[in-house]
Structures are given as structure tokens and as C-alpha cells.
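Me: Please take a close look at the side-chain interactions in this protein, with attention to the charged pairs and the aromatic rings. I would like the cut-offs to be stated along with the values.

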Amino acid sequence: MVMFMSSKQKNPGKWIAYCVTPEWEGHTVREVLRGPLLLSNRMINRLTRSRGIQLNGKMPWLDRRVKKGDRLRVAVRPFERADLPPEPVPFSVVYEDADLMVVDKPAGINVHPVRPGEGGTLAHGIIHYWLSQGREGRVRPVHRLDRDTSGLILIAKHAYAHQLLDRDLRQHDIQREYLACVSGRLENPEGTICEPIARDPNHPLRRCVSPEGDPAVTHYRVLVQNDRASIVWVRLETGRTHQIRVHFSSLGHPLYGDKLYGGPMEGIGRQALHAWLLSFRHPLTGKNLTLKTMPPEDWLQLTESLHFVREEWSDGLSLSGD
């Protein structure tokens, strides 16, 4: 059994405690750390250097074999210095606890710097927000959103939470849903796009559907449509760069505002894509969390200009009135 507790030790923050069960008796400390505690070798090495591992109250050798009833404790939320300067960048906090947060990112800002010296990113803003609350740390996004995509993004507050959430993401245990406004009327009211995505050899920023690419799976359902456009619900099974944009462009229905992939440019100044829902199991408490956020004003204005009534597409998503 794994338990969570605060600590007055030199390493402040949350520790996890594991009481060795009969099936793990005779295994090494390292094997237990990698087994029921799910720690990576990299994190084990980091915790060893910071004296963040204890066996029955003492620092153990990692090759020491444990006995039934031994108590192994690990510091999973150590103090960390920020790796970026703070900057006041706008975003909304949708959910937050000691281990993670979900924020609503506006369009027009990068999640993290993509070149040396870049400022004004979401990560800079989160560090500024944390410092205003008297805490410090490093921003660890579990997934990414394109610069001009708005909506929910999951942030881990420490390396252990990030490791567990990253594992859940790779195992498709984190559900990510989007709203997109694409050009034209889709032939099929719902479907799954299974097309591999690779870098476009003719453009430094673009991606393209290619048999040499990485597997990519996008599920969609049309919420409402007319001859000019369709509003679609989208769920990602994989998370390739520009995946939704590339997949709908490959169908001949690029997103409104998506200049890079040939979308209509009237009505909105960026791709009409919004990450509206995140659903996942908290990696440390086990609590199931489902977070939602309404699309921003530019997205709503576009859909209204295309003569879509908000209630027609939002009621089925439980967005109306949120």
C-alpha cells in the first residue's frame, strides 16, 4: 500500500510511504522503487543525490534487499528553483492542488519557450502566478497546445506527478477533447481518421499525412454543419504535432483561420481550435477529474458569423450555461 504524508524533514513537501508486502520481500530497494512506486531510473538517481529516499528512517543502499514490513519513504515533492524568469502572462486556473494544475491557455502564446531567450509564454506566466502565492517550482506540461490553439492544458507541479501523468498519457488514460470549426460540409457525420503524420519535406513548419510518418488517430463527430462550415467534436487518441489540423486538411476540410494548412481566413485570426475538455485520474489521490472550459470570444464570434446557434452545438457537450 502506498500512503501520502507531509514531512518536517530537511526535504520539505510530500513524501510517499510504502510498507513492503510479502510479494516484494527479498527484492532490492531499487526494484521496489521501480515496481509499486513506479519511479524511473532518472528519478531514483535524482532522489539519491538529494537524500530523498529512506528505508526504516535511514538512507539505504539501492541494492539492499528489503523484508516484509519494511517502510520505504520517498520525497516526491522537493523544493525546486524556477528555471524561467516570472512574467505576468494571462491565463485562467481551472483546477489546482499540490501536485498538478489545469489552466485555460489563451490563443497567441506558446506553452513553453521554443527558442533561447523567448519570453511571454504560459510557463513564464505560471511561474509568476506561483511566486505571487509564495511558492516556486518548475513548470512541467504533460502535453502541448499549439501557440494559436486555446483551451485546457495539464501541468505537473513536480517530477513524480509528471512521470505518472506522462505514463497515463502514453497509455491513452488521459482524455482530451476539442472543438473545431472546419471548412465545408463533412461527408460522414462521425468517424475516425487513422493517417500517419510526418514532417513536410517542403516546408519547415508543416506536417503532412505520409506512410513514413508516426501513427496518428483522431476521432470526430459533427455537431452542426451547413454548406460553409462544420463544427466538430474531436477526441485525440494520439498527440502528434498539428494532428487535428493536418487530419482535417487531408480530408479537404481545413480549419477556419489555419493559414498554414489552407483554411479560410475570414472571421478569425487563428486556427479555430479549442481544447474544451480534459478527463483523467489524479495520479496520487486516485480522484477522477473532468474539467471543461467554454471557447473564447473569437471562436464564438466566428461560429455566429457562420450562422450557427450556440445551443445547437453546445447542449450536447454540457457547455451551455457553464
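Reply: What follows treats the overall frame, then the salt bridges, then the aromatic rings.

This is a predicted model, in which local features need pLDDT of at least 70 and side-chain atom pairs count only at pLDDT 80 or more, while totals for chains, interfaces and linings use all residues. Residues are numbered from 1 along each chain as its sequence is written, and side-chain values use heavy atoms, with hydrogens and water left out.

The protein contains seven helices and 16 strands, taken as DSSP runs numbered from the N terminus (helices: H or I, at least four residues; strands: E, at least two). Its C-alpha trace spans about 70 × 40 × 40 Å along the principal axes. Of its 322 residues, 50% count as buried; here buried means under 20% relative accessible area, exposed means over 50%, and partly exposed lies in between (1.4 Å probe, protein chains only). About 15,600 Å² of the protein is exposed, with carbon and sulfur atoms supplying 48% of that area, as computed by the Shrake-Rupley method with a 1.4 Å probe, only the protein chains shown counting as cover for residues. Among contacts with a separation of 6 or more, 62% involve residues 24 or more positions apart, a contact being heavy atoms within 4.5 Å.

A salt bridge requires a side-chain nitrogen of Lys or Arg within 4 Å of a carboxyl oxygen of Asp or Glu, and by this rule there are 11 salt bridges. One of them joins Arg81 to Glu136, with the closest N and O atoms 3.3 Å apart. Arg81 lies in the loop between strand 4 (71-75) and strand 5 (92-96), and Glu136 in the loop between helix 3 (122-132) and strand 7 (140-141), so this pair ties together parts that are 55 residues apart in sequence. Arg81 is exposed, at 56% relative accessibility, whereas Glu136 is partly exposed, at 23%.

A salt bridge also connects Asp258 and Arg245, at 2.8 Å from N to O. Because Asp258 lies in the loop between helix 5 (243-250) and strand 15 (273-281) and Arg245 in helix 5, the pair ties together parts that are 13 residues apart in sequence. Asp258 and Arg245 are both buried, and together with Asp146 they form a network of salt bridges. Asp168 and Arg167 form another salt bridge, their closest N and O atoms being 3.3 Å apart; Asp168 is buried at 10% relative accessible area, and Arg167 is partly exposed at 26%.

Turning to the rings, a search of the whole structure finds three aromatic pairs, defined by ring centres of Phe, Tyr and Trp (its six-membered ring) within 6.5 Å, with planes under 30 degrees apart counted as stacked, over 60 as edge-to-face and the rest as tilted. Phe91 and Tyr129 are edge-to-face, at 5.9 Å centre to centre and 80° between the planes. This pair links distant parts of the chain, with Phe91 in the loop between strand 4 and strand 5 and Tyr129 in helix 3, 38 residues apart. Phe91 is buried, with a relative accessible area of 18%.

Tyr220 and Phe248 are also edge-to-face, at 5.6 Å centre to centre and 70° between the planes. Tyr220 lies in strand 13 (residues 217-225) and Phe248 in helix 5, so the pair ties together parts that are 28 residues apart in sequence. Tyr220 is buried at 7% relative accessible area, and Phe248 is buried at 0%.
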